[in-house]
Amino acid sequence: MDSRPNSWLYLFSLAAGILLAACQARPSTPPTPLILPDSFQATVVEEGLSGPTQMIAGPDGWLWLAQLNGAEEDGQGQVIALSLETGERRVLLENLFKPTGIAVAGGYLWVAAGRDLLRAPLDTNNRPGSPETVLEDLPFNGRSNGTLTVTPNGFLLYETSGQRVGREAAPGSAVLWALDTSNPTAPRPLAVGLKNAYAHTLDTSGRLWITDVADDPVNGKAPPDELNVIMDWTDSSIPDFGWPACFGFQQPAVNYGGTEAGCQATQTAVALFPPHATPTSVVVSPWHPETLLIALWNQGEVVQVKIQADGAQSSGQVEPFISGFQNPQHLLNWSDGTLLMSDHSSGTLYRVTHP
C-alpha cells in the first residue's frame, strides 16, 4: 500500500492514520453518497474492510484483496477472499507487512509486501500455502512498491520506487520491472525514471499505462502526478521518464540538474494530475474501451482520460467521473461488466453499474 503509498504511506501521516470501519452489514446504498454521472449507479458491496489495497479476480471466482488489517507498520496485513454474492470471507494469508499488491500467475499467489516480493503456492483447491520470499530488500523510497500486474504472456510487472542519492536515482530504484514467473531470478527493466510507478494496466491495443506518484519538490514547488504510457512494452528498449531531473511534460527539475535539452530526450507524460493527488489505480473503463479511469487517493475522486483506439496516445485531458470518496484505492473490472471500487480509509467496497 503506500507509494506516497509509495506515496500513500506518506499520505497516511498527513491523514493522521487509517479510519477502519467495523460494521459488517451489507447495505444497498453508499454510507456517504457518491456523485456519479447520469445513468450510473453505485451500491455498496461490502463494509468493514481494514485498509484494503489491491483487488483481483481470484481463481476460485471470489474477489481476492489485500488489506493492512491494522496500522501501517503493524505487520498484520492479510489477503482475503470475499464472495460478492454472500459476503462470506476467508483469510488466505496473514501477518504480512504492508501488502500493497497481489496477483495470481504461474500457480502462485504473488504479494508485494513492503520492499519484498513473495509468492505462495496454490493447491488444487486454489488455497495458498506458506509464502516464500522471491525478491527481498528491493530498492524503494521507504514506503512501498505498489501494485502488481500480470501480462497476457504471464510476466509479472512490479516497481521499485525511487530514492535519490544526491541528484541521481539510487541504483535499481525508480524502475518498472517485468518478471518471468517461471524464472523469477532475472527480472528485466521495462522503464526507468518513474518515481512511484504505483499502478499499471494494459489496454485493448496492448499499450501499458502507468501512474507515477511524485513527491520531491521541483523548482520550489510540488510536482504534478502523472499518467504515462509505454506504446510497446515488449520492445527491448528501456524508456526513461526522467525522474528526478525531469517531470511532467518534459520539464526540467533544475534543482536536480535537469536541462531543457536533457529532458527533451526523455519520455513525456500523457496527462497530469494535481500535486499529491496520488493515483493509486488505473483501469480501462468497462463501458468505454477508449477511456481510462484513474483513482486519485488524496483527491477523493475517480477521474477519466480519453485515449485513442487507433493506437495514438491521448489528448491528455483529465475529466471528472466519480467523487465523494474518502480515499479511493483500487479499481477492478468484474466479470459481469461492472466496476468495483474500494475506499481505503472507510473500508468500503462499491460496485458501479451502467445500463
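Arg89 comes out as partly exposed in this predicted model, its relative accessible area being 28%. Its side chain pairs with that of Glu46 in a salt bridge, at 2.9 Å from N to O. This pair reaches across distant parts of the chain: Glu46 sits in strand E1 (residues 41-46) and Arg89 in strand E5 (residues 89-96), 43 residues apart. Glu46, unlike its partner, counts as buried, because its relative accessibility is 2% and the cut-off for buried is under 20%. Side chains of opposite charge can pair when their charged atoms come close. The Glu46 and Arg89 pair is a salt bridge in a structure that holds nine of them.

A second group of charged residues gathers around Asp216. The side chain of Arg164 meets that of Asp216 in a salt bridge of 3.2 Å, N to O. Arg164 belongs to strand E12 (residues 164-165), while Asp216 lies in the loop between strand E17 (208-212) and strand E18 (225-230), so this pair ties together parts that are 52 residues apart in sequence. As for exposure, Arg164 is partly exposed at 33% relative accessible area, and Asp216 counts as buried at 14%.

Asp216 also takes part in a salt bridge with Lys195, here at 3.5 Å from N to O. Lys195 is found in the loop between strand E15 (188-192) and strand E16 (199-202), and Asp216 in the loop between E17 and E18, so the pair ties together parts that are 21 residues apart in sequence. Lys195 is buried, with a relative accessible area of 4%. Asp215 comes into the picture too: through shared partners, salt bridges join Arg164, Lys195, Asp215 and Asp216 into one network.

Turning to enclosed space, the count comes to two cavities of 30 Å³ or more. The largest has a volume of about 120 Å³. Its lining is made up of 18 residues, and those nearest the centre are Ala214, Glu226, Trp243, Cys246 and Phe247. E18 and strand E19 (246-247) are the elements that give two or more residues to this lining. Sorted by class, the lining of the largest cavity holds eleven nonpolar, two polar and five charged residues.

The second largest cavity has a volume of about 50 Å³. Its lining consists of Ala112, Ala113, Gly114, Arg115, Asp116, Leu117, Leu138, Asn145, Leu148, Tyr158 and Glu159. At least two lining residues come from each of strand E7 (108-113), strand E8 (116-121) and strand E11 (155-160). The class breakdown for the second largest cavity is six nonpolar, two polar and three charged.

Open space comes next. The largest pocket takes in about 550 Å³. It has 25 lining residues, with Thr149, Val150, His200, Thr201 and Leu332 closest to its centre. Two or more lining residues come from each of strand E2 (52-57), strand E6 (99-105), E10, E16, strand E22 (279-284) and strand E26 (328-333). No charged residue appears in the lining of the largest pocket, which splits into 16 nonpolar and nine polar residues.

Thr149, one of the residues closest to the centre of that pocket, deserves a closer look. Thr149 lies in strand E10 (residues 149-150) and counts as buried, with a relative accessibility of 11%. Its side chain makes a polar contact of 2.8 Å with the side chain of His200, another of the residues closest to the pocket centre. Setting aside neighbours within four places in sequence, Thr149 is in contact with Phe155, Leu156, Leu157 and His200.

The second largest pocket has about 200 Å³ of space. Of its 21 lining residues, Asp240, Gly242, Trp243, Pro244 and Ala245 lie nearest the centre. Trp243 is also among the residues nearest the centre of the largest cavity, and so turns up in both linings. Strand E13 (168-169) and helix H2 (260-264) each supply at least two residues to the second largest pocket. By class, its lining has ten nonpolar, eight polar and three charged residues.

Definitions and conventions:
Residues are numbered from 1 along each chain as its sequence is written. This is a predicted model: local features need pLDDT of at least 70, side-chain atom pairs count only at pLDDT 80 or more; totals for chains, interfaces and linings use all residues. Side-chain values use heavy atoms; hydrogens and water are left out. A salt bridge is a side-chain nitrogen of Lys or Arg within 4 Å of a carboxyl oxygen of Asp or Glu. Helices (H or I, at least four residues) and strands (E, at least two) are DSSP runs, numbered from the N terminus. Buried means under 20% relative accessible area, exposed over 50%, partly exposed in between (1.4 Å probe, protein chains only). On a 1 Å grid over the protein atoms alone, a cavity is a set of points where a 1.4 Å probe fits but cannot get out, and a pocket is an open set with protein on both sides within 12 Å along at least five of seven lines; lining residues have an atom within 4 Å of a point. Grid points are joined across faces, edges and corners, and a volume is the space filled by probe spheres set on the points. Ala, Val, Leu, Ile, Met, Phe, Trp, Tyr, Cys and Pro count as nonpolar, Asp, Glu, Lys and Arg as charged, and the others, Gly among them, as polar. A polar contact is a pair of N or O atoms within 3.5 Å; within protein, one must be able to donate a hydrogen and the other to accept it, and residues adjacent in sequence count only if both atoms are side-chain atoms. Contact means heavy atoms within 4.5 Å.
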